[in-house]
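Colleague: I'm new to this one, so could you walk me through it once it's on the screen?

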Amino acid sequence: METAKKFLQMILETIVDNPEAVQIEAKSDEMGVFLSVRVAPEDMGKVIGKQGKTAEAIRELLRVIGFRAHAKVSFKLEEPPGRE
């Protein structure tokens, strides 16, 4: 599901201050497509948004893309190394 990955890359690069730090790893299986996202630590708050609203909006858009392709698409924002 390259479309979902490209779409997510475009959205995240627009939101964050350090677009070169955006990394997306895609994994596909019989359940659907899972996108693992890493951004610069200072950009985590921008991707999550107030009360998680931005991340939830991104998830909803990915669900629409997945629905059109008959696949479940989800993403997870990975914690930066060293954060607890």
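**Salt bridges and core**

Modeller: Lys46 is partly exposed, its relative accessible area being 33%, and please keep in mind that this is a predicted model.

Colleague: Which residue does Lys46 form a salt bridge with?

Modeller: Its partner is Asp17, and the closest N and O atoms of the pair are 2.2 Å apart. Lys46 lies in helix H2 whereas Asp17 sits in the loop between H1 and strand S1 (23–29), so the salt bridge ties together parts that are 29 residues apart in sequence.

Colleague: And is Asp17 buried or exposed?

Modeller: Asp17 counts as exposed, with 54% relative accessibility, because the cut-off for exposed is over 50%.

Colleague: How many salt bridges are there?

Modeller: The count comes to 4, and one of them joins the side chains of Glu60 and Arg63 at 2.4 Å, N to O. These two residues are 3 residues apart in helix H3, so about one helical turn separates them. Salt bridges with shared partners also link Glu56, Glu60 and Arg63 into one network.

Colleague: Switching topic, which residues touch the most other members of the largest nonpolar core?

Modeller: That core has 20 residues, and those touching the most other members are Leu8, Leu12, Leu35, Val37, Val39, Leu62 and Phe75. Two or more residues come from each of helix H1 (2–15), strand S2 (32–38), helix H2 (44–48), helix H3 (53–68) and strand S3 (73–77).

Colleague: What is Phe75 in contact with?

Modeller: Leaving aside neighbours within four places in sequence, Phe75 is in contact with Leu8, Leu35, Val37, Ala55, Ile58, Arg59 and Leu62.

Definitions and conventions. Residues numbered from 1 in each chain as written. Predicted model: local features only at pLDDT ≥ 70, side-chain atom pairs only at ≥ 80, totals over all residues. Heavy atoms only, no water. Core = buried A, V, L, I, M, F, W, Y, C linked by side-chain atoms within 4.5 Å. Buried < 20%, exposed > 50% of the residue type's maximum accessible area, 1.4 Å probe, protein only. Helix = DSSP H or I, 4+ residues; strand = E, 2+ residues; numbered from the N terminus. Contact = heavy atoms within 4.5 Å.
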